[in-house]
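Subject: Handover of a structure for your review

Dear colleague,

Please find below the sequence and the structure that I am passing on to you. My findings follow, with each term explained where it is introduced.

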Amino acid sequence: LEHITTSEAVDYVLGAPANVAATVTAHHLLINRNALLAGGLNPHHYCMPIVKREAHRKRLLEAATSGSPKFFLGTDSAPHPK
């Protein structure tokens with residue numbers, strides 16, 4: 001799965017067969033929706049999929065640092081044809 005963002009997605013991947021894994025992006029590990037919305041919309045923290053609540057960020061961080069081969073870093077640096 002690409003760019004999971006919720007604790008439910010973590011649970012899904014953990015319960016899925018061994019051939020199912022997921023990417024987690026750095027920004028989803030570092031910021032939550034408060035960084036996006038506190039004091040007005042902060043466009044520098046806008047990303048897709050949209051950042052979620054702190055509980056989801058913590059769960060993603062837990063999964064990403066668990067040592068499980070089911071979770072690995074994903075980036076948005078994929079080349080796209082013009």
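In helix 1 (7-15), the buried residues are Ser-7, Ala-9, Val-10 and Val-13. Buried stands for under 20% relative accessible area, exposed for over 50%, and partly exposed for what lies in between, computed with a 1.4 Å probe and protein chains only. Helices (H or I, at least four residues) and strands (E, at least two) are DSSP runs, numbered from the N terminus.

Please note that this is a predicted model, in which local features need pLDDT of at least 70, side-chain atom pairs count only at pLDDT 80 or more, and totals for chains, interfaces and linings use all residues. Residues are numbered from 1 along each chain as its sequence is written, and side-chain values use heavy atoms, with hydrogens and water left out.

**Helix 1**

Why can the buried residues of helix 1 be placed on the same side? They cover an arc of only 155 degrees around the axis, and therefore they share one side of helix 1. The arc is that of the directions from the helix axis to the C-beta atoms. The face turned away from the buried side of helix 1 carries the exposed residues Glu-8, Tyr-12 and Gly-15. The cover over the buried residues of helix 1 includes strand 1, helix 4 and strand 2.

**Helix 4**

Helix 4 (54-64) can be described in a similar manner. Its buried residues are His-56, Arg-57, Leu-60 and Ala-63. These residues cover an arc of only 125 degrees around the axis, so they are on the same side of helix 4. Ala-55 and Lys-58 are exposed and sit on the face of helix 4 turned away from its buried side. Helix 1 (7-15), strand 1 (22-25), helix 2 (26-30) and strand 2 (71-74) are among the elements that cover the buried residues of helix 4; contact here means heavy atoms within 4.5 Å.

**The nonpolar core**

In soluble globular proteins, nonpolar side chains tend to be buried together. In this model, the largest nonpolar core has 10 residues: Ile-4, Ala-9, Val-10, Val-13, Ala-22, Val-24, Leu-29, Leu-60, Ala-63 and Phe-71. A nonpolar core is a set of buried Ala, Val, Leu, Ile, Met, Phe, Trp, Tyr and Cys residues joined through side-chain atoms within 4.5 Å. Helix 1, strand 1 and helix 4 are the elements that give two or more residues to this core, and the largest share, 3 residues, comes from helix 1. Val-13, one of the core residues, touches Leu-1, Val-20, Ala-21, Ala-22, Lys-70 and Phe-71, not counting residues up to four places away in sequence.

**Salt bridges**

How many salt bridges does a search of the whole structure find? The search finds 3, a salt bridge being a side-chain nitrogen of Lys or Arg within 4 Å of a carboxyl oxygen of Asp or Glu.

- Arg-59 pairs with Asp-11, and their closest N and O atoms are 2.6 Å apart. This pair links distant parts of the chain, with Arg-59 in helix 4 and Asp-11 in helix 1, 48 residues apart. Both are partly exposed, Arg-59 at 22% relative accessible area and Asp-11 at 43%.
- Arg-59 also meets Glu-62 in a salt bridge (3.8 Å, N to O). About one helical turn separates Arg-59 and Glu-62, because they are 3 residues apart in helix 4.
- Glu-54 and Arg-57 form a salt bridge at 2.8 Å, N to O. Glu-54 is partly exposed at 27% relative accessibility, whereas Arg-57 is buried at 16%.

Asp-11, Arg-59 and Glu-62 are thereby linked in a network of salt bridges.

**The loop before helix 4, and His-3**

Met-48 is located in the loop between helix 3 (33-37) and helix 4, and Pro-49 lies in that loop as well. A cis peptide bond joins Met-48 and Pro-49, with omega at about -5 degrees. Is Met-48 buried or exposed? Met-48 is exposed, with a relative accessible area of 53%.

Finally, His-3 is found in the segment before helix 1. His-3 has a positive phi of about 55 degrees although it is not a glycine, and at 14% relative accessibility His-3 counts as buried.

Yours sincerely,
A colleague
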